[in-house]
Amino acid sequence: MSKKLIAYLAVTLMVALLWSCGSNRDSGGDGSSVETPSDVIAAASFVGSTKCLSCHGDKASWGHTLHKAVLRAPGKFSTAQAKAAPFYAPTINNGLNLLASGTTDGTGGGNTEIYFSHDGADWSADDAPNAGLGVDKFSATVNEDAPGSKTYTLVVTNVAGISASMSYPVMLTYGGERNYKQRYVVTGIGASKHISPIQYNDKGLAEDPSLEWVPYHAERWYDLVDSELSEPAPKDAFDGNCAGCHFTGYQLTKNIVTGDELADAADDINGALDFDGDGTLDEINIGCEACHGAGSAHANTQNPAYIVNPANLAPAEANMVCGQCHIRGKSIDKFMEFAEATEDSPAQSPFPAKLDADGGLMKFRPGLDNLADFYSYDSGDGSGAGDFSSQYWGGEPSGGSFETSKQHHQQYIDILQGPHAPDKSYDPTCFSCHDSHNNASPERHQVVTTLVEDGVQIVTNVDNDTLCLACHATHGPFADMTPEEVAAMDQNLSFNSITGNVKEVVTAHTQHYFDPLNEDGSGGTNPEGNGSSRCTACHLPLTAKSALKYDIHSHTFEVIEPAASLSTAPAAGVKNGCNDCHTTASDTDLLALQDAFDEKFPVDTSGTPIPATNVIFDQWNSSGHAHYEGEPFAHWDDDGSISTSCAKCHSKDGFIDFAADNTVDAASKLGTVISCGACHTNGETPDLYVDAVTRYEDGEVALVNVTFPSGIDQSLGNNSNICMACHQGRSWKGTVDAAMPDPDTGLYRFTNIHYFAAAATFFGTDVMGGYEYDGMTYAGEMVFPGAHNGVGYTTCTGYHMGGAQGPDNHTFLPLVSDCSGCHGVGPEGEFKDLGLGVSTNYDEIQQLQDQLLAILEAQGVVQLPGYPYFANITSRPLLNGCYNWQVSDKEPCRYIHNSDYIQQLLYDSIVDLGGTPIVTAPGR
């Protein structure tokens, strides 16, 4: 028992003594001592959840949970389960409804019949004859006893041997909540209950319809030697194998004559059904007392000391509350209650149980017992309970090659092997992440939706990492992240623009771009929806099986590395923490992926991690494309979304929309930048990071030829077209000519080309981005001299994504050293000179800019510090001049992209306004 619980109970005990002197809590008589609270709890009996909820009505939503809903009378909900109906009703009985599509009187369109075949080694099931692995041996179907009766009968028919059928009433449906599977518990085989040979994999339907029906221990129902139907043995009964964890207040008795097992549960007036036939409804499923212990003492006195509250237990003991069922192994003690037990050979329990003082079966008691005294899951514990290597990838935890669990309901074992093992007072518990009392969405496994950390309330979701970050913020690799930043996640599960720091901190840890919701396609077509930097994708990969292979998450929280999955490895076949996004078809692929893993996550000789750098991400993160908090992406924060007229270039979603058909159909959400998915199509992962396919190469309509504001199409014939789609400005000569003066003031509103219109400069008069004066000629597309061809500096991507920063430079900025070998360098080390030390085009453009601005101001134009940049524009010549000045000023690399065109525009604007240019422009 925990020291924390003992201290808590010691305090509350004194209060309890004042409530009811001489009650059954006292031993009575002179000199007697009061029983300790733990003694009282141990002696208590089960009262049923209905009794608990009479005071604790705030926990009534427990009826929504899978713990309460998994076992049901066929097609029905009990009163306690009624609250589950709105959550589960649409799908919860799909398997039963499909199987029982007809009735015993022949109405309803006939029944679904499942055929079981055997190929000499395995059984298979199919809804068509002879469609399985081998020759059909028997079939099974379910009849509704009368239309609308919701009572059903399983009929098993021999189709290979002597014609015969056997019928069994269906007592329970077992599962079916679109999480894993549904089974059917039947009666009529002695006193015990058995699971039918049919299993309906309700989780598999969306991915693979062929997985709809599979056999469940079909061998128990057929004698292959004599080609006869058979019935499962008493040792295979639901009573002794399953009910121990699925019932609250579980008891098991054995008929010593027939060998049958008979399970029972606590009585409850709102139980699902009368399982043992004693005339009272039973608390099948997980009720309050399964986790809090028998409640009679607490119910009778309302003394909080007389009930176990897992929240008050130390983490190790708190996890045992869940671990009593989320574990797989064998009891250390042996018992006579099981069907296979004999005097000479008692049987081990498949659930945690121990011999009581009378030599009978006693289940583990939360808060009172140590699970390790009851149960073994590893031969290395010395208990002699057995070897359990087959239930793990790599073998038992004590064997040295353990990776994670291979089968379901082993989460407790996994947790004990990893960094969240509860060996410290501040360690999380199972219910730190899972809400025991509520489940608003059945498919989310009762994951908590709100946490409070350091006084900050955080809305949590496992998919977008907030569930993990809520606790990990301010610690370890996430020390630079605050709970307030995690709480700033917006309600549509994406990041607000103000949480850029969270993305940077997470990426520094994961060495992957931040895209947990797979919005950018970093996880390809991953059916789980995982994208890069999702905590659970790396730390909780799907490794175990319930219905389908790999449908249960590992809970070690350790990253399973690619090499663990090699065909020669002890854990061959395990799904590693990279395979959710990176596909591998061979050991060669796995080794390559392991090399990439080691490069991203290096360790020293002692195994201590060494900080690594994700070059591509770090480069991109330093670029203007990644500035979540910058004006190009935060400008619309107060608007709630990015308008269709701007989303094309100011959000990832908008650009994807535009690239498909040259239009943006909907406003884009806030908080996205120009990230991987804007330029790269999903492709077959991991191609997003290796030889990534761009949207240009994938043939996106708007990028094959890029349409400029003038309506003219241009192409550089490579993926530079992606750059041109946005770096082209939003105005041209025609826009300026169309401007009209304000009818009230006679003044013209300034026309702005927009920002970084490099492509408009590059193509010059070929796209007419500047204001070109009638009768004048202008330079067209910039053609770089032949020397540039040798180094690839002739197109956007060639120049901006090459050079000394690497062939995939994602800073998008060349270094001075990339050009200074041929071109001159300015006095402050800046690169401004394109003339091999002779020409000074940068300075010439600056001189023409200064002269034009002086003329504009002399003629009454007022320059403003922000948009619209110019005011008091009284004539078209002034409007034209203001526009060309802006074309020059807002394109910082104008002297590289096409200095001739820029100088011509400035020169002609000065002349048009009556000035004499102080610098001669090429062609003027």
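The following exercises, each with a worked solution, concern a predicted model of a protein.

**Exercise 1. The protein as a whole**

Task: State how many helices and strands the protein has, and what share of its residues counts as buried.

Solution:
1. The secondary structure comprises 34 helices and 30 strands.
2. The protein has 924 residues, of which 49% count as buried.
3. Its surface exposes about 39,800 Å², and carbon and sulfur atoms supply 54% of that area.
4. Consider finally the contacts between residues at least 6 apart in sequence: 52% of them join residues at least 24 apart.

**Exercise 2. Strand β2 and its partners**

Task: Determine which strands are joined to β2, and explain why β2 is described as largely enclosed.

Solution:
1. Strand β2 covers residues 114–118, and five of its five residues are buried, so the strand is largely enclosed by the rest of the structure.
2. The two faces are examined separately. I114, F116 and H118 lie on one side, Y115 and S117 lie on the other, and all are buried, so that both faces are covered.
3. Five bridges join β2 to strand β4 (residues 135–144), and these two strands run antiparallel. In this pairing, I114 has A140 as its bridge partner.
4. Four bridges join β2 to strand β3 (residues 123–126), again in an antiparallel arrangement. Here S117 has S124 as its bridge partner.
5. β2 and β3 form a hairpin, with four residues between the strands. In the turn, G120 has a positive phi of about 100°.

**Exercise 3. The buried side of helix α22**

Task: Identify the buried residues of helix α22 and decide where they lie around its axis.

Solution:
1. Helix α22 spans residues 652–661, and its buried residues are K652, G654, F655, F658 and A659.
2. These residues cover an arc of only 155° around the axis, which puts them on the same side of α22.
3. A general rule helps in reading such a pattern: an α-helix has 3.6 residues a turn, so residues three or four places apart point the same way.
4. The cover over the buried residues of α22 includes the helices α21 (644–650), α23 (676–679), α24 (701–704) and α25 (720–726).
5. After α22 comes N662, which has a positive phi near 75°.

**Exercise 4. Three residues of one loop**

Task: For T751, G746 and Y755, decide whether each is buried or partly exposed, and describe the surroundings of each.

Solution:
1. T751 is placed in the loop between α26 and α27. Its relative accessible area is 9%; the cut-off for a buried residue is under 20%, so T751 is buried.
2. Residues up to four places away in sequence are not counted in the next step. T751 then touches S731, T735, V736, A739, L879 and Y883.
3. G746 lies in the loop between α26 (733–737) and α27 (758–763). With a relative accessible area of 34%, G746 is partly exposed.
4. Leaving aside neighbours within four places in sequence, G746 is in contact with P741 and T874. G746 and I873 are 127 residues apart in sequence, yet 8.9 Å apart in space, C-alpha to C-alpha.
5. Y755 also has its place in the loop between α26 and α27. Its relative accessible area is 30%, and Y755 is therefore partly exposed.
6. Y755 forms a nonpolar patch on the surface with F756 and Y867, and together the three have about 310 Å² of accessible area.

Conventions. Residues numbered from 1 in each chain as written. Predicted model: local features only at pLDDT ≥ 70, side-chain atom pairs only at ≥ 80, totals over all residues. Heavy atoms only, no water. Buried < 20%, exposed > 50% of the residue type's maximum accessible area, 1.4 Å probe, protein only. Pairing = 2+ DSSP bridges. Contact = heavy atoms within 4.5 Å. Patch = residues over 30% accessible without salt bridge, like charges linked within 9 Å, V, L, I, M, F, W, Y side chains within 5 Å. Areas by Shrake-Rupley, 256 points an atom, 1.4 Å probe, with all protein chains shown as cover. Salt bridge = Lys/Arg side-chain N within 4 Å of Asp/Glu carboxyl O. Arc of directions from axis to C-beta.
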